[in-house]
Amino acid sequence: MSIDWAALGSVFGVSLVITVGLVGLFTLGIVGLTKKESAEGGSAALATTGAYACFAACAAAVAYGIYLIVA
């Protein structure tokens, strides 16, 4: 039995980048929701819309990952 170290490293690298990216995107969504509470007027609506867009992108990435596993 031999291990393809290049493929293992590639999977590890891609997994690390995607995980950090998703956590960062989710964090931006949380920050957007907290800014909504302190902002007034149009900036509050923009912060809320941005936060929901971040959460939607996270949900889409998770759904795509599940699709890749099931398919």
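This passage describes the fold, surface and selected contacts of a predicted model.

The protein contains 2 helices and 0 strands. Helix 1 covers residues 5-38. Helix 2 covers residues 42-70. A loop lies between helix 1 and helix 2, and Glu40 is found there.

The overall dimensions depart from those of a globule. The radius of gyration is 17 Å, whereas a compact globule of 71 residues would have a value near 11 Å. Along the principal axes, the C-alpha atoms occupy a box of roughly 65 × 25 × 10 Å. Of the 71 residues, 11% are buried. The accessible surface amounts to about 5,400 Å². Carbon and sulfur atoms account for 75% of that surface.

Aromatic contacts were searched for across the whole structure, and 2 aromatic pairs were found. One of these pairs is formed by Phe26 and Phe55. The ring centres are 5.1 Å apart, and the planes meet at 55°. The pair is classed as tilted, because an angle over 60 degrees would be needed for edge-to-face and one under 30 degrees for stacked. The pair links distant parts of the chain. Phe26 belongs to helix 1 and Phe55 to helix 2, with their positions 29 residues apart in sequence. Phe26 has a relative accessible area of 43%. Phe26 is therefore partly exposed, as this value falls between the 20% limit for buried and the 50% limit for exposed.

Two threonines were examined, beginning with Thr19. Thr19 sits in helix 1. Its relative accessible area is 46%, so Thr19 is partly exposed. A polar atom of the Thr19 side chain lies 2.7 Å from the backbone oxygen of Ser15. Thr19 can also be placed relative to Cys58. The two residues are separated by 39 residues in sequence. Their C-alpha atoms are 11 Å apart in space.

Thr48 is located in helix 2. Its relative accessibility is 16%, so Thr48 counts as buried. The cut-off for this class is under 20%. The Thr48 side chain has a polar atom 2.9 Å from the backbone oxygen of Ala44.

The loop residue Glu40 is exposed. Its relative accessible area is 71%. Glu40 and Gly21 are 19 residues apart in sequence. In space, the C-alpha atoms of Glu40 and Gly21 are 29 Å apart.

A nonpolar patch was identified on the surface. Its members are Val62, Ile66, Ile69 and Val70. Together these residues present about 440 Å² of accessible area. Ile66, one of the patch members, lies in helix 2.

In summary, the predicted model has 2 helices and a radius of gyration of 17 Å. Phe26 and Phe55 link helix 1 with helix 2 through a tilted aromatic pair.

Notes
Residues are numbered from 1 along each chain as its sequence is written. This is a predicted model: local features need pLDDT of at least 70, side-chain atom pairs count only at pLDDT 80 or more; totals for chains, interfaces and linings use all residues. Side-chain values use heavy atoms; hydrogens and water are left out. Patches are made of residues with over 30% relative accessible area and no salt bridge: like charges are joined within 9 Å, nonpolar side chains (Val, Leu, Ile, Met, Phe, Trp, Tyr) within 5 Å. Accessible areas come from the Shrake-Rupley method with a 1.4 Å probe; for residues, only the protein chains shown count as cover. A salt bridge is a side-chain nitrogen of Lys or Arg within 4 Å of a carboxyl oxygen of Asp or Glu. Helices (H or I, at least four residues) and strands (E, at least two) are DSSP runs, numbered from the N terminus. Rings of Phe, Tyr and Trp (its six-membered ring) pair if their centres lie within 6.5 Å; planes under 30 degrees apart count as stacked, over 60 as edge-to-face and the rest as tilted. Buried means under 20% relative accessible area, exposed over 50%, partly exposed in between (1.4 Å probe, protein chains only). A polar contact is a pair of N or O atoms within 3.5 Å; within protein, one must be able to donate a hydrogen and the other to accept it, and residues adjacent in sequence count only if both atoms are side-chain atoms. The radius of gyration is taken over C-alpha atoms; the globule rule is 2.2 Å times the number of residues to the power 0.38.
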